[in-house]
Structure formats: C-alpha cells, structure tokens
Amino acid sequence: FDKQERVEAVLADRGLEVVDTGLRYLLSDPRVSIILSGVDSVAELETSVAAADGKYLDDELLQAIRAA
C-alpha cells in the first residue's frame, strides 16, 4: 500500500482524482487501445466516459507517478 499512498499523494498535490487519473494513465500507454471497466452507477459510467476524451497524461505527471 505504500506505492498506492505515494501515488495518491502525487495526485492530491495536483488536485486530481484517483479513478479518472488511473484510467487516463492506462490510456496514455500507446499499447493500450481499450479498457474494459465495470461500473455500479451512472456516476461511475460518466467518469469512465469522460476519461476517454483523448486528454492523456503529460510526461511530467507520468514520470511523477512512476517515481512515487
């Protein structure tokens, strides 16, 4: 859980949400073309759809997440 807590701190410092950023992290990898994600609510579905808007994470944030 140490890694998770460090990543959450990186995101909190930037005002980012964990779920949205996690999806964007996966979509920022050029090897990933699709994410199959289950949802329990309309709000979760909206979060997933919003993350697929083509706005991927920049290199600085990707490096910060990997270094956390």
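**Four helices, one chain**

Q: Where is alanine 52 found, and what makes alanine 52 count as exposed?
A: In this predicted model, alanine 52 is found in the loop between α3 (42-51) and α4. Its relative accessibility is 54%, and exposed means over 50%, so alanine 52 counts as exposed.

Q: Why is valine 49 called exposed?
A: Valine 49 has its place in helix α3, and its relative accessible area is 56%; since the cut-off for exposed is over 50%, valine 49 is therefore exposed. The C-alpha atoms of valine 49 and leucine 23 are 9.8 Å apart in space, with their positions 26 residues apart in sequence.

Q: What makes leucine 11 count as buried?
A: Leucine 11 lies in helix α1. Its relative accessibility is 3%, and buried means under 20%, so leucine 11 counts as buried.

Q: How do you know that threonine 21 is buried?
A: Threonine 21 lies in helix α2 (residues 18-27), and its relative accessible area is 3%; because buried means under 20%, threonine 21 is placed in that class.

Q: Which residues does threonine 21 touch, and with which is leucine 11 in contact, beyond four places in sequence?
A: Threonine 21 touches Leu11, Leu16, Leu57, Leu61 and Ile65, when residues up to four places away in sequence are not counted. With neighbours within four places likewise left aside, leucine 11 is in contact with Leu16, Glu17, Val18, Thr21, Leu61 and Ile65. Leucine 61, read in that way, is in contact with Val10, Leu11, Arg14, Leu16 and Thr21.

Q: What makes up the largest nonpolar core, and which elements give two or more residues to this core?
A: The largest nonpolar core has 9 residues in all, namely Val7, Val10, Leu11, Leu57, Leu61, Leu62, Ala64, Ile65 and Ala68. The elements that give two or more residues to this core are α1 (2-13) and α4 (59-67), and α4 gives the most, with 4 residues. In soluble globular proteins, nonpolar side chains tend to be buried together.

Q: How far apart in space are leucine 11 and alanine 52, and how far apart are alanine 52 and arginine 66, taken between C-alpha atoms?
A: Leucine 11 and alanine 52 are 41 residues apart in sequence, and their C-alpha atoms are 19 Å apart in space. Alanine 52 and arginine 66 are 14 residues apart along the chain, and their C-alpha atoms are separated by 21 Å.

Q: Which elements does the chain have, and in what order do they run?
A: The chain has 4 helices and 0 strands, so that, read from the N terminus on, the elements run α-α-α-α.

Q: Why is the chain called as compact as a globular protein of its length?
A: The radius of gyration of the chain is 12 Å, and the globule rule gives 11 Å for 68 residues; the two values are close, so the chain is as compact as a globular protein of that length. The C-alpha atoms, taken along the principal axes, fill a box of roughly 30 × 25 × 20 Å.

Q: How many of the residues are buried, and what share of the contacts with a separation of 6 or more comes from residues 24 or more positions apart?
A: Buried residues make up 25% of the 68 residues in the chain. Residues 24 or more positions apart account for 75% of the contacts with a separation of 6 or more.

Q: What does the chain expose, and how far apart are the mean positions of its positive and negative charges?
A: The chain exposes about 5100 Å², of which carbon and sulfur atoms supply 55%. The chain has 7 positive and 14 negative charges, and their mean positions are 7 Å apart.

Technical notes: Residues numbered from 1 in each chain as written. Predicted model: local features only at pLDDT ≥ 70, side-chain atom pairs only at ≥ 80, totals over all residues. Heavy atoms only, no water. Rg over C-alpha atoms; globule rule 2.2 N^0.38 Å. Buried < 20%, exposed > 50% of the residue type's maximum accessible area, 1.4 Å probe, protein only. Contact = heavy atoms within 4.5 Å. Areas by Shrake-Rupley, 256 points an atom, 1.4 Å probe, with all protein chains shown as cover. Lys, Arg positive; Asp, Glu negative; His and termini not counted. Charge placed at Lys NZ, Arg CZ, Asp CG, Glu CD. Core = buried A, V, L, I, M, F, W, Y, C linked by side-chain atoms within 4.5 Å.
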